[in-house]
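Reader: I would like to learn how to read a cavity and a single residue from a structure. Please start with the cavity.

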Amino acid sequence: MIAIFQRFVCRLRAVFNKPALDADFSEELAQHLEAAIADNIRAGMTPDEARRKAHIGLGGVEQIRELHREARGLPSLENLARDIRFSMRMLCKSPGVTVVAVATLALGIGMNTAMFSMLNGLLLRPLSFSQVGELFRLDRNTPDESRGNHAADNFFDIRAASVDVAEIAGLMSWGMSLDPVDGAPEIVPVARVTANFFDVLRVAPLYGRTFRAEEEVLRQNDVIAISHEYWLKRFGGRKDAVGSMVRLDKRSVEIVAVMPPLADVNRIATGQNFPEPFAIYTPVGFFEYERNMRDGGSVQIFGRLLPGVGLGQAQARFNTIAADLARRFPDGNRDAVEAVRTLQSTVLRGSDRTITFLLIGLSGFVLLIACANLANLLLARSMARAREFSICAALGASRAQLIRPIVAECLLLTGTGMAASLFVVFGTSRWLAHRFGNPSVAVDFSPDARVLAFACATALVTALLFALAPAWWVSRRSPTDALKSDSRSMTGDRSQRGIREWLIVGQFALALLLLAGAGVFIRGIERLRHHDLGWQPEPLVTATLNMQDERVGWGPARAQFHAGLREKLLAIAGVDNAAVSNHSPTLYSNTKHEFRLWNGDPRDTGGDSFMAYQSVVSPSYFDTVGIRLLRGRNFNEHDHTRSRWVALIGETMAGQMFPGQDPIGQRIGYFAGAGNWVWLEIVGLVADTRPIEARPSDIRYEVYQPYAQRTWEVMTLLVRAKTPELAPALVEPIRRTVTDFNPNLAMYRVLPMATLIEEQTQVWETINQLLLLFAGLGLSLAGLGVYAVVARTIAQRTGEFGIRMALGAQARDILGLVFGANLRTALLGAGVGVIGALVLARYLASALPVFAEGNGPVLVAAVGVLLLVALVACLLPARRATRIDPVEALRTE
C-alpha cells in the first residue's frame, strides 16, 4: 500500500513538474544517442551512417517522449485537462448557447437543491435533544382520527403499564392569562407538561430546577419554568427571575427555572393554536373535567426507550396496553390502537410530508426537462461534428477518445452551472424559511454539508444524463458513412432521430405534469377561499379571550357577562353582531367526541354511536357567523344549567342519524366522566358547515351547545362588521372596548378573520408560487427545446426542402411537413403527461381534500397551453423553411 502511494505521489509530482522532467529526459536521450553514434563510428561506420543507424536503433524520438510522459505521469488526468481546455474553446465559440445552458443548469440544480434544503431543515436535520434516536412519539389512532392525542386517565394507565420498556412524558398545548409586572394581562402559549418531561428529553434548565413528581397534582402545581425567549423579553435576562412570583390564570405561581432555547419542543408539539413559541412550562395538574374521561383528550405522549429495548418491542407492549384499555373501558377506547414512531420521523407529519416530497419530485421534473434540452442540444452539436469524429476514428482514435471531449464539455457546463446554482440555493432557501416559518416554529433551511453533497451529486447525475445521448450516438456512428455524407445534411438515422423525438416527448410530458400541478393548486386555493363554507368569514373580526377573571364567574353569570360585553360591542359604529365560541370556525376543533343516541333510559348507553365535533356557543353565534337556522329554535336566555340541556345539529348529520324521523325532540348524549352521561335534547337544525381546508363535499358533523350550560375558559370572540370592508378598521375599537369593559380580561390576537385565513393558507400560497415557477420553467424549457430541435432540423434539411420546392411543393406543404411531425410528438408527450397528471392529482388529494374535485378543466387547459407552446415553437422555424430559395439551397449541395 505504501509503495502504491509513493508511486502515485511521484506520478502526481511529474504532472506539475513536466518542463524540468522533459528537459532532463531530452538531455538523457541525447546522451544515449551520442553514445550509440560513437559506438557505430568505432565499428567502422561513417559519421552520417553512424547517426542514421543510431536513430533507427533508438526508434521515433517523439514516440519515446510520449511513452516516457505516460510512464512517469497521470495520462488520464492530463488527457482530461486537455479535453477540458478544448471544450472551453468550443463553448466560447458559441457564447449564446453556453449562457443558456449554464442558466438552465443553474436553475435546475439550484431549485432541486433548495427543495432538498427545505426537506433537510424540516425532516433530516436531527432534533437537538440528546440521544434523539431513543425518543419516540405515541399516537392514538381510531377509524375517525389518526395520530390523535390521549385522554388524561388513559395517559396515566399507559405510563404505569409501560415502565419496563420506556420513560413516558406528556404535554398539553394551552393558553393562559399571565399578569405581567406592568401592563394589561396577556394570553401566553403554555405547555402543560408532566414532571418528568424535561428528564425524558434530557434537557437541563439554564437556571433553577425542573419539576418534581408531587407538583403534577392540581393545586400543588403552583410553579412554572419560563422559556429562554420569554426570559429575555420580560426579565431582560436577569438571573433573579428564578424565585420571582407572577400570576398565571389569576393564581400566584413561582418561577423555578429558566429553560435554554427549546425551538424543537414547538416542532414536536402538535395542535399548537398560537403563532408564538411556548412562553411558559407548567406541571400539568389535570382539572376535574379532564379526569375520568376516556374519549378524546389533548395529551401528547412522548417517550424514551430504555436501554436494550427496540421500537418493535415497545410497539408490542403498547399494542397489549391498547387492547387492555379497550377491554376495561370500551367507551372511548373501542377500536383505538397505539402507534409508536420515532420522534425524528414525526417532525414532518401528514400533508406537510406529502407536499414536501411533492415539491422535491416536481423540482426534479424541471431538472429532467433541462437535461433533455441539453441532451438534444449536444446531440445536434455532435451530429454537426460527425465528419470531425469520423476523421479522428479513421486515424485510429478509440471510442473512449471520441467520447471523452463530450463528457468533458458536459462536466464543464455542469460545474459552471452548479457554481451559479449556489446563488439560487441561498436566495430560495432564505425565501422559503421566511414563508414556511412562523414565530412558533422557527425553521432553518440554510444549506449545510448534507445539502452541498446533494448539490454535487445532483450535478454529477445531471452531467451523466445529458451526456448519455450524444456519447451513445458518437460511439455508434460509422466513420465510413459519415465521411461519405455532407455534414450539413446529416440529421442522423431513424434510431437517432427517434432518440431526439423521445426526448421531446419526455419534456412535454413533464411540462404537462408541472402545469397540471400548478393548476390543481391554483384551483384548490381558490376553492379554499371562495367555496360555500356554510358560514361567512369575510365580515368577521376574531380575538381570543381568557375568562379567568373572578368577576366573570361561571355558568349563568358568565352568560350575563358575555351579554354585557356584547352590548358594549354593538355600540361600536360599524358592528353588526357579536358572539363567543370555544373555537374558531376556520378549522376543525382539536378533537372529535363520541355521542350516543337516546334509548329511552338515561342509564342505557347501548344506543348507536357517532363521532362529532363539540362546539360551545352563545345564542348570537349563528347570526354572527352567518349559519342559517333551518328548523326549530335557536338558544335563548332560558337555556341554563337548571333547565333541560339542549343542542343544535347540522342538517346532513340529522338525516344520517335520524333517517325518516323528525330530529327535533330527539336526544343524544356524551360521556362526561365518572360514569355519567349528559343527555341533550335537539331543539333545532342549522345549515351544514365546513372548515376552510375541506372540499365542498365534506360536511362537518358538529353538535352545538349553549354557552350558559357548558362554559369554557378560553373563548373565541367573533364580531361581525356591517360590511367586509369595515372589518380591519374595527380591530382597535374592539380591543379598547374589551379592555374598558374588564381591564383584567386577557385578550390575544385581535384581527380580521380574512387575515387569520391568509395566515393559515400562507404555506399553500407559497407552494402554489413554487409550482407556478416550476411550471413556467418547465414550459419555457420545453418550448425552447422544440424550437431548437425544429430550427436545427430545418437547417439540416435545407437541401431536401429546396428539392421539394423545385419540384413544385408549396409553402403549405413545407409547413405541413414541419408541423405534422412535431405536433405528433407534442400530442404523444401530452398523452403521457395526462396519465401522470391524473396520478399527481390523486396524490395531492391525499394531502388536502380540497384538491380532489374539479380537476378535469385544469387538465384540458394544461394540454391546451402545452399544444399552444408547441405551435409557437414550431412556427418561427417553419416560416423560415417556407422562404428557402430552391436555387440557393441546391447550390449548397
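Author: This is a predicted model. Start with the chemistry of the walls: the lining of the second largest cavity comprises seven nonpolar, two charged and one polar residue.

Reader: What is the volume of the second largest cavity?

Author: The volume of the second largest cavity is about 50 Å³. Of its 10 lining residues, Leu91, Val97, Leu377, Glu409 and Leu413 are the closest to the centre. As for the wider count, the structure has seven cavities of 30 Å³ or more.

Reader: Which helices each supply at least two residues of that lining?

Author: Helix 6 (95-124), helix 13 (350-384) and helix 15 (399-436) do. Helix 13 gives the most, with four residues.

Reader: Now the single residue. Where is Asn221 found?

Author: Look first at the secondary structure around the residue. Asn221 sits in the loop between strand 5 (207-208) and strand 6 (223-226).

Reader: Is Asn221 buried or exposed, and why?

Author: The general idea is a cut-off: a residue is buried when its relative accessible area is under 20%. Asn221 has 4% relative accessibility, so Asn221 counts as buried.

Reader: Which backbone oxygen does the side chain of Asn221 reach?

Author: That of Pro283, at 3.2 Å. A polar contact requires a pair of N or O atoms within 3.5 Å, so the distance is read against that limit.

Reader: Which residues does Asn221 touch, leaving aside those up to four places away in sequence?

Author: Asn221 touches Glu215, Arg251, Thr282, Pro283, Val284 and Gly285. Pro283 thus appears both in this list and as the partner of the Asn221 side chain.

Conventions:
Residues numbered from 1 in each chain as written. Predicted model: local features only at pLDDT ≥ 70, side-chain atom pairs only at ≥ 80, totals over all residues. Heavy atoms only, no water. Buried < 20%, exposed > 50% of the residue type's maximum accessible area, 1.4 Å probe, protein only. Polar contact = N/O pair within 3.5 Å; in protein donor to acceptor, adjacent residues only side chain to side chain. Contact = heavy atoms within 4.5 Å. 1 Å grid on protein atoms, 1.4 Å probe; cavity = no way out; pocket = protein on both sides within 12 Å on 5 of 7 lines; lining within 4 Å. Points joined across faces, edges and corners; volume = space filled by probe spheres on them. Nonpolar A, V, L, I, M, F, W, Y, C, P; charged D, E, K, R; others polar.
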